[in-house]
Amino acid sequence: MACLMSRTGREMQRYNSSGGRQVVGCIPYRYKEDNDGNVSNELEVLVVSSQKGQALMFPKGGWELDESVEEAASRESLEEAGVTGIVQHELGQWSFISKRLGTYYEGHMFPLLVKEQLDLWPEKDLRRRIWMSINEAREVCQHWWMKEALDILVERLTLQKNRNI
């Protein structure tokens, strides 16, 4: 059973040497299934709405002092999107300016191969979650650095698929 409360507050947040808050995000993904349960080669990714609006993005949040970067990625996916799975190799690290605060942040992004989607999760009443195609996600995602991470994920998965042919 997963914990049904989100972590809050900034007391445990990590900051880089320049004072920028370190955040971690995940791109939850799966391969689309047909009505008979047959898995296709078509990727779907899960986006969530922002807490304070309707903007869509991938789950992300603060990396805390008592967890690894991979644990933070997994936690954010559970808290914001209600999914669990396998956190895979980091897609990259980006520096960006927070639109709300105007300060630099350091963002790490990971792919999460979804194994379970929960009916109840910590931020169920605060966010919408939507499975969509790669192209749709690229269109609606509000953050350039998350779009770059998505492109890296698609390239990585395409290379893996081509090696297996």
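Helices, with at least four residues, and strands, with at least two, are DSSP runs, numbered from the N terminus. Keep that in mind as you look at the structure above, which is a predicted model.

Let's begin with the overall plan. The protein chain has 3 helices and 8 strands. Reading from the N terminus, these elements follow the order β-β-β-β-α-β-β-β-β-α-α.

Now step back and take in the whole chain. Its C-alpha atoms fill a box of roughly 50 × 30 × 30 Å along the principal axes. A compact globule of 165 residues would have a radius of gyration near 15 Å, and the protein chain, at 16 Å, agrees with that. Contacts tell you how the chain comes together: of those with a separation of 6 or more, 67% join residues that lie 24 or more positions apart. Buried residues make up 44% of the 165 residues. On the outside, the protein chain exposes about 9,300 Å², and carbon and sulfur atoms supply 48% of this area.

Next, find helix 1, which covers residues 69-81. How far apart should the ends of helix 1 be? At 1.5 Å a residue, its 13 residues should span 18 Å, and the end C-alpha atoms are indeed 18 Å apart. Just after helix 1 comes G82, whose phi is positive, near 70 degrees.

Is helix 1 largely enclosed, or is it open to the outside? Of its 13 residues, 10 are buried, so the rest of the structure largely encloses this helix. The buried residues are V69, A72, A73, R75, E76, S77, L78, E79, E80 and A81. You may notice charged letters such as R75 and E76 in that list; here, "buried" refers to a relative accessible area under 20%. What covers these residues? The cover includes strand 1 (21-33), strand 2 (39-49) and strand 4 (60-62). It also includes strand 5 (83-87), strand 7 (104-117) and strand 8 (129-132).

Finally, let's turn to the cysteines. How many disulfides does the structure hold? The number is 0. For C26, the nearest cysteine sulfur belongs to C141 and is 13 Å away. Likewise, C141 is in no disulfide, and its nearest cysteine sulfur is that of C26. A disulfide needs two cysteine sulfur atoms within 2.5 Å. Are these two residues buried or exposed? C26 is buried, with a relative accessible area of 0%, and C141 also counts as buried, at 3% relative accessibility.

Technical notes: Residues numbered from 1 in each chain as written. Predicted model: local features only at pLDDT ≥ 70, side-chain atom pairs only at ≥ 80, totals over all residues. Heavy atoms only, no water. Buried < 20%, exposed > 50% of the residue type's maximum accessible area, 1.4 Å probe, protein only. Expected span 1.5 Å × (residues − 1). Contact = heavy atoms within 4.5 Å. Rg over C-alpha atoms; globule rule 2.2 N^0.38 Å. Areas by Shrake-Rupley, 256 points an atom, 1.4 Å probe, with all protein chains shown as cover.
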